[in-house]
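Welcome! Open your viewer, keep the selection box handy, and follow the stops below one at a time.

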Amino acid sequence: MEFRYLTDGEVRQRAPEIWQVYDAIFGDQSSYDDWLDGMLLRHAARDHFRFSAALDGDAIVGISWGYLGAPGQYYTESVRAAIGDAAADLWQPAFEIVELGLLPAYRGSGNGRTLLRHLLDGIDERVMLSTWDDDTDPAVRLYLSEGWHRIGTHPKADGSRPMQIMGRPRGGGPQLRKD
């Protein structure tokens, strides 16, 4: 397994393959075109966009990306509305993780942890993300074991369920596993 950053050009060139992995993991977008224009390329245009891929040979089997959030962006404003201005001023600006996922065959052997650490390598800003509001979820357990904290909740964009907002403080890089 190799973990590496994809350049903006590689993200664009490999977008159909990235879509296949994304859709197999999340399955929450109506079409490739909607996902490409409404999500991936929109995010890729933001400040400090970073895309990290897990590769088995040359095949992408895991994806993660994020960017530095800014006022006026959906997630930044959603967090501010959920936790209030005073708390948001403590957490923002932050590097915002948009997606992190592995194909099922590659889960459970530390690849998610490595992908997360690779995405955040060298990022010393505060980091935020939203994930399921369920401490038994494997992703939530991963974030908690890496020094993340629950800082609030807000509804999933489609309104289907509550999501917890998690944050990692400035300079709060990876910590040793406790399990």
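Start by selecting helix α6 (111–120), where Asn111, Gly112, Arg113, Leu115, Leu116, His118, Leu119 and Leu120 are buried. Buried means under 20% relative accessible area, exposed means over 50%, and partly exposed lies in between, with a 1.4 Å probe and protein chains only. Helices (H or I, at least four residues) and strands (E, at least two) are DSSP runs, numbered from the N terminus. With 8 of its 10 residues buried, α6 is mostly covered. Step just past the helix to glycine 122, which takes a positive phi of about 85°.

Before moving on, a word on what is on screen. This is a predicted model, in which local features need pLDDT of at least 70 and side-chain atom pairs count only at pLDDT 80 or more, while totals for chains, interfaces and linings use all residues. Residues are numbered from 1 along each chain as its sequence is written, and side-chain values use heavy atoms, with hydrogens and water left out.

**Stop two: helix α2**

Now select residues 15–25, which form α2. Which residues of α2 are buried? They are Ala15, Ile18, Trp19, Val21, Tyr22 and Ile25. Look down the axis of α2: the buried residues fall within an arc of 165°, so they line one face of the helix. The arc is that of the directions from the helix axis to the C-beta atoms. Turn to the face pointing away from the buried side of α2, and you will find the exposed residues Gln20 and Ala24.

Next, show what the buried residues of α2 pack against: α1 (8–13), α3, β2, β3 (59–68) and β4. Contact here means heavy atoms within 4.5 Å. Zoom in on isoleucine 25, a residue of α2, which counts as buried because its relative accessibility is 18%. Leaving aside its neighbours within four places in sequence, isoleucine 25 touches Gly101, Leu102, Leu103 and Arg107. For a distance to try in the viewer, pick the C-alpha atoms of isoleucine 25 and isoleucine 60: they are 35 residues apart along the chain and separated by 12 Å. After α2 comes glycine 27, with a positive phi near 55°.

**Stop three: two backbone spots**

Most residues other than glycine have a negative phi, and most peptide bonds are trans. With that in mind, select histidine 48, which is not a glycine yet has a positive phi of about 60°. You will find histidine 48 in the loop between α3 and β2 (50–56), and at 58% relative accessibility it counts as exposed. Then go to the loop between α5 and β4, where proline 93 sits. A cis peptide bond joins glutamine 92 to proline 93, with omega about 5°.

**Stop four: helix α4**

Select residues 74–83 for α4, whose buried residues are Tyr75, Thr76, Ser78, Val79 and Ile83. Seen down the axis of α4, these buried residues fall within an arc of 165°, so they line one face of the helix. What covers them includes α5 (85–91), β4 (95–102), β5 (127–132), β6 (149–155) and β7 (162–168). Glycine 84 follows α4 and has a positive phi, near 90°.

**Stop five: strand β7 and its partners**

Now colour β7. In this strand 6 of the 7 residues are buried, so β7 is largely enclosed by the rest of the structure. Two strands pair if DSSP finds at least two bridges between them. β6 and β7 pair in the antiparallel sense over 6 bridges, with histidine 154 partnered by methionine 163 in β7 and proline 155 by proline 162. Their hairpin has 6 residues between the strands, and glycine 159 there takes a positive phi near 75°. β5 and β7 also run antiparallel, joined by 6 bridges, and leucine 129 stands opposite methionine 166 in β7.

**Last stop: the largest pocket**

Finish by switching on a surface view. The largest pocket has a volume of about 1600 Å³. Which of its 47 lining residues are the closest to its centre? Select Phe26, Glu99, Leu100, Ser130 and Thr131 to see them. A pocket is an open set of points, on a 1 Å grid over the protein atoms alone, where a 1.4 Å probe fits, with protein on both sides within 12 Å along at least five of seven lines; lining residues have an atom within 4 Å of a point. Grid points are joined across faces, edges and corners, and the volume is the space filled by probe spheres set on the points. β4 gives the largest share of the lining, 7 residues.
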